[in-house]
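Let us walk through this chain together, taking its parts one after another and keeping the sequence and the model side by side.

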Amino acid sequence: MDLTKIDIQQMPVGVVGLGLMGCSITTCLLISGHPVTGIAPLAADMGHAEERVRAHLTKAIEEGLADKNIDDYIRRLTITDDYSRLADCKITIESTLEDIDIKKAVFEKIEAAVSPTAIIGSNTSAIPISILQQHVRRPERFFGLHWTEPAYTTRFLEIICGDLSDKETAKYLYELAHYWDKEPTLALKDIRGFITNRLMYAMYREAFNLVEGGYASVEDVDRACRNNAGYWMTLVGVFRWMDLTGLPAYHAVMKDLLPTLSNKTEIPKLIDDLVKDGAKGVANAKGFYDYTPEEAKLWQETYREFSYDIMRIAKKYPADVVKKKLAALSTSKG
Ligand SMILES: NC(=O)c1ccc[n+]([C@@H]2O[C@H](COP(=O)([O-])OP(=O)(O)OC[C@H]3O[C@@H](n4cnc5c(N)ncnc54)[C@H](O)[C@@H]3O)[C@@H](O)[C@H]2O)c1
């Protein structure tokens, strides 16, 4: 597969499952120029999907992320419950509920519709790709394609190989993701939780440990995250951060601190009690914090607003920012 020959405009792609993430992945692919077929497995999707995609596109255009009229994008979107409309799609991304039986049934329908060489990706959050691969007929063309919400503003995309995925196709997907305005990561070997969820859940576990152990409140843990890691993480990851701030200190602290970190394996009581009591977070105004319905709605809106601001900062400081500065310096000297 030769990337120099790619014409995104002529490359149909499919998205199966038009819930929260499916709609924002669809928006990202439309803005990138693909014709998109969105499969709505539920009647509810048929009702809301176009409206959701339109709302995303409206905001993206307002924020300067997309430069066509909404109808120019919508014309290139087909929403249907008929899987056979995926026949021409070069890549199909599954984004249905995080339930292996549902995903299994959906893969079967996708494989029955697409060509033998089409790529299939799953937006699973945490089911190992090698396990999902056991449920497809052609595992070599199957990958994890893990997005984050909102998929059309974030630069994040994890491409994950299962044991049987073709590595060359993975590299192709990695290059292609740059056309989707992503700064992708490629996990060549499968591991539960992939890269990002392993990092994040290590932090979530310690956060519960601090609160449940009475060391700090939920509010204080959140403030520490925001104002420490939140301050530098859009510019650098943990390794560059340690380089920037000096390795010996980390080395010294690790010796005494690591043995004291939580390694509990059971679900923390704090979240267990809340979930068993019906809490969903801002979605139903019930979570670690108390919300009025108006506050919950405003948190959702504020997050959306913030995602555009952070995207602008992320674009100002791409991963190769220093290489670019060096190139600019050598051009100005030459
Ligand atoms: N929400 C996030 O921030 C996020 C981030 C990364 C990955 N994911 C993953 O993306 C996937 C979708 O998550 P979401 O947040 O969009 O969920 P969602 O609940 O908003 O959407 C789920 C969609 O699954 C489909 N679906 C539901 N029941 C089905 C059935 N019986 N058969 C076929 N399809 C069915 C429907 O299209 C439905 O809209 C999950 O695997 C999730 O783990 C979500």
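At what angle do the axes of helix H7 and helix H12 cross, and within what distance do they come? In this predicted model, the axes of H7 (residues 196-212) and H12 (residues 269-276) come within 9 Å and cross at roughly 95°, which means that H7 is roughly perpendicular to H12. Phe208, Val211 and Glu212 make the contact from the side of H7, and they meet Lys269, Leu270 and Ile271 of H12. Sorted by class, the residues of this contact are four nonpolar and two charged, with no polar residue. None of this places H12 in the interior: of its eight residues the number buried is zero, so H12 lies largely in the open.

Just after H12, glycine 278 takes a positive phi of about 95°. Glycine 278 is also one of the residues touched by lysine 286, together with Ala279 and Lys280, when residues up to four places away in sequence are not counted. Lysine 286 itself is found in the loop between H12 and helix H13 (293-316), and it counts as partly exposed because it has 16 C-beta neighbours inside 10 Å. Between the C-alpha atoms of lysine 286 and glycine 213, which are 73 residues apart along the chain, the separation is 23 Å.

The domain assignment divides the protein chain into domain 1 (3-187) and domain 2 (210-322), and the C-alpha centres of the two lie 27 Å apart. Six residues of domain 1 are in contact with seven residues of domain 2; on the side of domain 1, the touching residues are one nonpolar, two polar and three charged by class.

We turn next to the sheet. Eight strands form an open sheet with mixed pairing, in the order S3-S2-S1-S4-S5-S6-S7-S8, and its edges are strand S3 (77-80) and strand S8 (185-187), each of which pairs on one side only. From one strand to the next the twist averages 20°. Helix H4 (residues 100-113) packs on the sheet, where it touches strand S1 (13-16), strand S4 (91-94) and strand S5 (119-122), and its direction makes about 165° with that of S4.

At the S3 edge, strand S2 (residues 36-39) and S3 pair in the parallel sense over four bridges, and threonine 37 has threonine 78 as its bridge partner in S3. The side chains along S3 alternate, with Leu77 and Ile79 pointing to one face and buried, whereas Thr78 and Thr80 point to the other face and are not buried. Elsewhere in the sheet, strand S6 (residues 142-147) and strand S7 (residues 157-161) run antiparallel and are joined by five bridges, with leucine 145 standing opposite isoleucine 159 in S7. The loop between S6 and S7 contains proline 150, and the peptide bond that leads to proline 150 from glutamate 149 is cis, with omega near -5°.

Two further loops hold a residue with positive phi that is not a glycine. In the loop between helix H6 (167-179) and S8 lies aspartate 181, whose phi is about 65°; since it has 17 C-beta neighbours inside 10 Å, aspartate 181 counts as partly exposed. Phenylalanine 194 is placed in the loop between S8 and H7 and has a phi near 55°, but phenylalanine 194 is buried, with 21 other C-beta atoms within 10 Å.

How values were computed
Residues numbered from 1 in each chain as written. Predicted model: local features only at pLDDT ≥ 70, side-chain atom pairs only at ≥ 80, totals over all residues. Pairing = 2+ DSSP bridges. Helix = DSSP H or I, 4+ residues; strand = E, 2+ residues; numbered from the N terminus. Axes fitted to C-alpha atoms, helices over the stretch in contact; angles between N-to-C directions. Contact = placed C-beta atoms within 7 Å. Parallel < 35°, antiparallel > 145°, perpendicular 65-115°, else oblique. Nonpolar A, V, L, I, M, F, W, Y, C, P; charged D, E, K, R; others polar. Domains from an automatic or database assignment. Buried ≥ 20, exposed ≤ 12 C-beta atoms within 10 Å, placed from the backbone.
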